[in-house]
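This report describes selected features of one protein chain for a reader at the bench. The sequence and the structure are shown first, and the text then proceeds element by element.

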Amino acid sequence: MMIDKTGEHNIEPSIKAYKTARLDRIALDHRYAYYSIQRLFDIVASSIALILLAIPFLIVAILIKRDDPQGPVFYSQIRLGKHQRPFKMYKFRSMFVDADKKLADLLKYNEVDGAMFKMKEDPRVTRIGHFIRKYSIDELPQLINVLKGDMSLVGPRPPLEREVANYSEYAKQRLYVKPGCTGLWQVSGRNSVGFDEMVELDLQYIQKSSFWFDLKIMFMTVKIMVWPNSAY
């Protein structure tokens, strides 16, 4: 999937060019101007979005409780952020309350290669969960993480600690920057993209990242939320 066929920031994946990417961690940490602009935009945009989405959030919360009254509306999970710093990430709950306990029995059905778990017909997902996952509505509470500074609007997906335990040193480069709610991987096929391709797309994003590139990815994300890609 591609946003722009011309210009500096082509969003079409070019995996082959990044197979041997080696990022300069020190140089990335010293991009003060970019990170300052990014943080300011994150604060303003997430604050406005949380205000505008207050009523939709309430509607989703009611639907979640109606579908599965026993569980909470929100689901929190420890993820690893920049330089593997742990933080609590928030989502709308889209699975039954005992979903984590059933994961071990489902790992053999994993449909994605590498240190990730994805299953299209996951039996742990509730009825309303299928809907909010398809349209990425379950991810919207991560705006709270953006406001807190744990995440940015755009960046690599924040992984689980058990996933990072299986990372190569090469794959760990995607943790050199702050994770995001959306990114180049999400607008390039999402669940149809394998783990190795996800890593390459994340490294590509880090190498090309700029405020304008972030805006292009955000606009593409809105389009995908309205017309979903392969999310499940």
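UniProt annotations may be inferred rather than shown by experiment, and their positions are given here in the numbering used for this chain. With that reservation, the unreviewed UniProt entry places the feature "transmembrane region" at residues 40-64. In the model, which is predicted, the span 40-64 is 96% helix and 0% strand, and its end C-alpha atoms lie 33 Å apart.

**Confidence**

The protein chain has an average pLDDT of 85, and 83% of the residues score at least 70. Over residues 1-18, however, the pLDDT is below 50, although this stretch has 46 contacts in the model beyond near neighbours in sequence. Where pLDDT is low, predicted coordinates should not be read in detail.

**The hairpin of E1 and E2**

Strand E1 (residues 74-80) and strand E2 (residues 86-92) run antiparallel and are joined by seven bridges. Ser76 has Tyr90 in E2 as its bridge partner. Five residues lie between the two strands, and His83 takes a positive phi near 55° in this hairpin.

**Helix H8 and its surroundings**

Helix H8 comprises residues 195-208; at 1.5 Å a residue its 14 residues should span 20 Å, and the end C-alpha atoms are indeed 20 Å apart. Eleven of these 14 residues are buried, so H8 is largely enclosed by the rest of the structure. Among the buried residues are Glu200, Asp202 and Lys208, as well as Phe195, Leu201 and Ile206. The elements that cover them include helix H1 (25-29), helix H2 (32-52), strand E3 (152-154) and helix H9 (211-226).

**Two buried polar residues**

Arg174 is situated in the loop between helix H7 (161-164) and strand E4 (180-182). Leaving aside neighbours within four places in sequence, Arg174 is in contact with several residues, including Met198, Val199, Asp202, Leu203 and Ile206. Ser152, in turn, belongs to strand E3. With neighbours within four places again left aside, the contacts of Ser152 include Gln38, Asp42, Val146 and Lys178. The side chains of Arg174 and Ser152 each make a polar contact with another side chain, as tabulated below.

| Residue | Relative accessible area | Side-chain polar contact |
|---|---|---|
| Arg174 | 1% (buried) | side chain of Asp202, 2.7 Å |
| Ser152 | 1% (buried) | side chain of Gln38, 3.3 Å |

Asp202, the polar partner of Arg174, is itself one of the buried residues of H8.

Conventions:
Residues are numbered from 1 along each chain as its sequence is written. This is a predicted model: local features need pLDDT of at least 70, side-chain atom pairs count only at pLDDT 80 or more; totals for chains, interfaces and linings use all residues. Side-chain values use heavy atoms; hydrogens and water are left out. Helices (H or I, at least four residues) and strands (E, at least two) are DSSP runs, numbered from the N terminus. The expected span of a helix is 1.5 Å times one less than its number of residues. Buried means under 20% relative accessible area, exposed over 50%, partly exposed in between (1.4 Å probe, protein chains only). Contact means heavy atoms within 4.5 Å. Two strands pair if DSSP finds at least two bridges between them. A polar contact is a pair of N or O atoms within 3.5 Å; within protein, one must be able to donate a hydrogen and the other to accept it, and residues adjacent in sequence count only if both atoms are side-chain atoms. pLDDT is the predictor's confidence in each residue, from 0 to 100.
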